[in-house]
Amino acid sequence: MNFTPLTRWAFVGRAESTDSWADKSEEIQERMLRSLLRRAAGTEVGREYDFGSLLRTGSLPSEFANRVRAVEYEDIRPQVMRMISGEKDVLWRGVCRDFAQSSGTSGGKSKFIPITGESLRRCHFAGAFDSVAHYLRNNPRSRMFAGKGFILGGSFANELNLSDPRVHVGDLSATLIARCPVFAQMFRIPSMETALMSDWSEKLPRLVDAASHANVTNISGVPSWFLAVIKGILEKRHTDNLHDVWPNLEVFFHGGISFEPYRNLYKEITDSSKMHFYETYNASEGFFATQDTQQGGSMLLILDRDVYYEFIPLGGSPDDAVGIGGVEQGRVYEMMITSSNGLWRYRLGDTVRIETTHPVRITVAGRTKRFINAFGEELMEDNAEKAMAEACLKNGCQASNYTAAPVYADNAKRGRHQWLIEWVTPPVDPAAFAAALDAALRRLNSDYDAKRAGKFFLDAPEIISLKSGVFRHWLESVGNQKLGGQRKVPRLSNDRAIADHVLAINAAL
């Protein structure tokens, strides 16, 4: 039975309601901030900053910025650990039982982001609803709910020795699957048991078996990790086109990493007349944005789902932060959020480019700590992703994963960028690929181009092709082995630590 016509009105109504955001963004965001402060007034952080009196001030956004200090994860780690141990009313009201484990903090430690009941319902699930809403609005003939959604997720494996069975720590995707409303469970595969397995040597074949003969209409997950599952499905069904397996497949809701290096690969294995690709920005800390137009290229910032946004100009400090009404088109900002998972003026570490201001649409530019600036080139992740996609397209090749790092100058050579790449389809001419990559980077980044000009400061990029499975082994070695979770290979590093470790694994295989 096709349930899409029965539910479409609710989704489309929500999508249409966002049309008013073009003129009301500041009003909506101030209402959101007021709601968050009111609900947290009785918490430890609410008493520390006296949210009650803050709510009575005349200019709430500016007073909030003046009174509440900006934080990074290490600043709140002790309070989060108290929440994990069962303390209530710390960063958010009540007791929190769910925490998303993700990597990327200092010292190799994991972050444990609180996933409160309110953030789960009002942000993560609501953001997913919004993604479907905009898709259905733009595709009135969709039959999305005539079949199943294949959601690729992680598990509750974690590095903590938890004594309270009521507390769950693991991948965000595991929490979303485990807490998914009963009615939504009717429209997804695989089973809960399979979805939450932690041993991927057992999980992968079970995913392939569960999906190979299902009526899948939509898939959701991280593009790089989904490829491993899709490869198994295509091999099992003896085909090279996913629509031979799932003839009713119509949309891939993707996020976590840039889709650009994978776009052509997915186009090659699907029927372009049937398939759509919709980008989402759903992190452990919240569901922030979703593609709202058919052509894509940017995402609509979600303004009323329990997140208040501030934007720090790239290279600036929290003192320079502006609200939604102060952003400028074309500028790159570091995101800072306040939300119902107890994050107050929290620096995500993500940078976004403002593509439009009425309404605010964004693209993810990269991480504040994931870049290469060893020679003044200021290479950001979005430059790398776009250049990689262009070079692959021009040379008829496909990369499955990669990372890049600087090689510093010595007496014999100038400095250069070293790209470590694991291939799905390697280039016939590696030198031509390197030249195409270099040309794309020069066009996309004026600082990089300036350092390459005249070959005085920076040599052409060096390409090193890796053996199959190197990045999987690297992820395992650093505790980030869970396929389908929030863990991913850093694209750029400003030092050699990751690159040298990857090269050592490559040599040992």
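**Briefing: two buried side chains and one helix pair**

The side chain of Glu-334 makes a polar contact, at 2.8 Å, with the side chain of Arg-347 (a polar contact being a pair of N or O atoms within 3.5 Å, where within protein one must be able to donate a hydrogen and the other to accept it, and residues adjacent in sequence count only if both atoms are side-chain atoms). The model is predicted, so that local features need pLDDT of at least 70 and side-chain atom pairs count only at pLDDT 80 or more, whereas totals for chains, interfaces and linings use all residues. Residues are numbered from 1 along each chain as its sequence is written, and side-chain values use heavy atoms, with hydrogens and water left out.

**Glu-334**
- Glu-334 lies in strand β12, residues 332-339 (strands being DSSP runs of E with at least two residues, and helices runs of H or I with at least four, numbered from the N terminus).
- Glu-334 is buried, with a relative accessible area of 8% (buried means under 20%, with a 1.4 Å probe and protein chains only).

**His-124**
- His-124, in helix α7 (residues 117-138), counts as buried at 2% relative accessibility.
- The side chains of His-124 and Asn-282 are joined by a polar contact of 3.1 Å.

**Helices α2 and α5**
- Helix α2 (residues 21-39) and helix α5 (residues 60-67) pack at an angle of about 50°, their axes 10 Å apart (axes are lines fitted to C-alpha atoms over the stretch in contact, and angles run from 0 to 180 degrees between N-to-C directions).
- Glu-30, Leu-33, Arg-34 and Leu-37 of α2 make the contact with Leu-60, Pro-61 and Phe-64 of α5 (contact means heavy atoms within 4.5 Å).

Technical notes: Buried < 20%, exposed > 50% of the residue type's maximum accessible area, 1.4 Å probe, protein only.
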